[in-house]
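Good morning, colleagues. I would like to take a few minutes to go through one model with you, beginning with its charged pairs and then turning to a single helix.

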Amino acid sequence: MSRLNTIVDLIVSKERYVFVFLLIVNLPLIIFTWDTGWWGDDWWMFNMYFTKLSFSPFPRAVMDLLEPKSDGHFTPVYYLFNMLIYKVYPSPQFLHFVIVLCHIGTAYVVFIIIKSTHEDGRLALLSGVLFSMSYCVCFKALAWNTFHSHVTNTFTGVVALYYALQYLGHKRRLHLFYIFLFVLLTLLNYESGFVFPVIIGIFALFELLKKRISIQTLLGLVLVMMVAIGIYGFGTFCFMG
């Protein structure tokens with residue numbers, strides 16, 4: 001038991017060790033879902049999209065991010081992510097690997113958040129591992145490339161939560177910019193990201209009720225999130241009809 005405790009303490013002693021450990025824990029997921037190929041909606045969401053990118057000039061590719069889609073969703077960040085993947089390496093295996101890395105990255109940010117709030121490295125590591133292995137909740141998004149937005153916007157949403165907690169603790173205005181940026185990236189990836197402004201708002205409300213922050217601090221946080229939501233609404237109105 002003492003040896004196990006020593007290993008755990010070694011892992012949590014450096015944050016890069018934690019990321020490597022989370023990567024090792026999720027190796028079965030990477031291996032068993034490695035070669036899903038283009039199947040189902042992937043065919044037109046990725047294969048046809050990548051084919052169009054192969055002969056489209058760059059300005060045309062950028063305009064495609066904003067043009068109305070048949071599904072009625074304003075998700076330019078989703079298509080920006082796909083375009084960047086194409087520019088690096090247009091392969092379903094590479095795309096899937098990046099999606100899984102985002103999932104592991106989210107677990108890593110969960111570790112950082114819990115370690116910061118509870119000051120307990122072991123609890124933080126356990127939280128990160130449990131999140132990364134919650135396949136029953138997010139396996140569809142992890143195995144089916146078309147639904148990667150639910151993984152990638154969870155990553156940016158949890159990063160926004162991290163900076164929100166930093167802002168509530170340190171009151172640095174730079175953190176407000178990071179919150180705005182990552183909330184915006186989350187919302188413009190897919191509408192499921194709207195859960196994060198709610199989560200952040202609940203954290204901030206409890207901090208206010210505990211008298212750890214002022215009403216001005218709360219309003220500043222709410223304001224930047226409302227600006228991000230407003231940009232999403234404006235884009236939806238203008239580009240989705």
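Two salt bridges are present in this structure, which is a predicted model. I shall take them in turn.

The first pair for discussion is Asp9 with Arg122, whose side chains meet in a salt bridge at 3.2 Å, N to O. Asp9 belongs to helix H1, residues 2-13, and Arg122 to helix H8, residues 121-132, so this contact ties together parts that are 113 residues apart in sequence. How accessible are the two partners? Asp9 has a relative accessible area of 35% and is partly exposed. Arg122, with a relative accessible area of 41%, is partly exposed as well.

Let me move to the other pair. The side chains of Glu207 and Arg212 also form a salt bridge, here at 3.3 Å, N to O. Is Glu207 buried or exposed? Its relative accessibility is 17%, so Glu207 counts as buried, the cut-off for that class being under 20%. Arg212, by contrast, counts as exposed at 53% relative accessibility, since that class begins over 50%.

I turn now to helix H6. H6 covers residues 76-88, 13 residues in total. From its first C-alpha to its last, H6 reaches 18 Å, close to the 18 Å expected at 1.5 Å a residue. Which residues of H6 are buried? They are Pro76, Val77, Tyr78, Tyr79, Phe81, Asn82, Met83, Ile85 and Tyr86. The buried set thus includes the aromatic residues Tyr78, Tyr79, Phe81 and Tyr86.

Thank you for your attention.

Note on methods: Residues are numbered from 1 along each chain as its sequence is written. This is a predicted model: local features need pLDDT of at least 70, side-chain atom pairs count only at pLDDT 80 or more; totals for chains, interfaces and linings use all residues. Side-chain values use heavy atoms; hydrogens and water are left out. Helices (H or I, at least four residues) and strands (E, at least two) are DSSP runs, numbered from the N terminus. The expected span of a helix is 1.5 Å times one less than its number of residues. Buried means under 20% relative accessible area, exposed over 50%, partly exposed in between (1.4 Å probe, protein chains only). A salt bridge is a side-chain nitrogen of Lys or Arg within 4 Å of a carboxyl oxygen of Asp or Glu.
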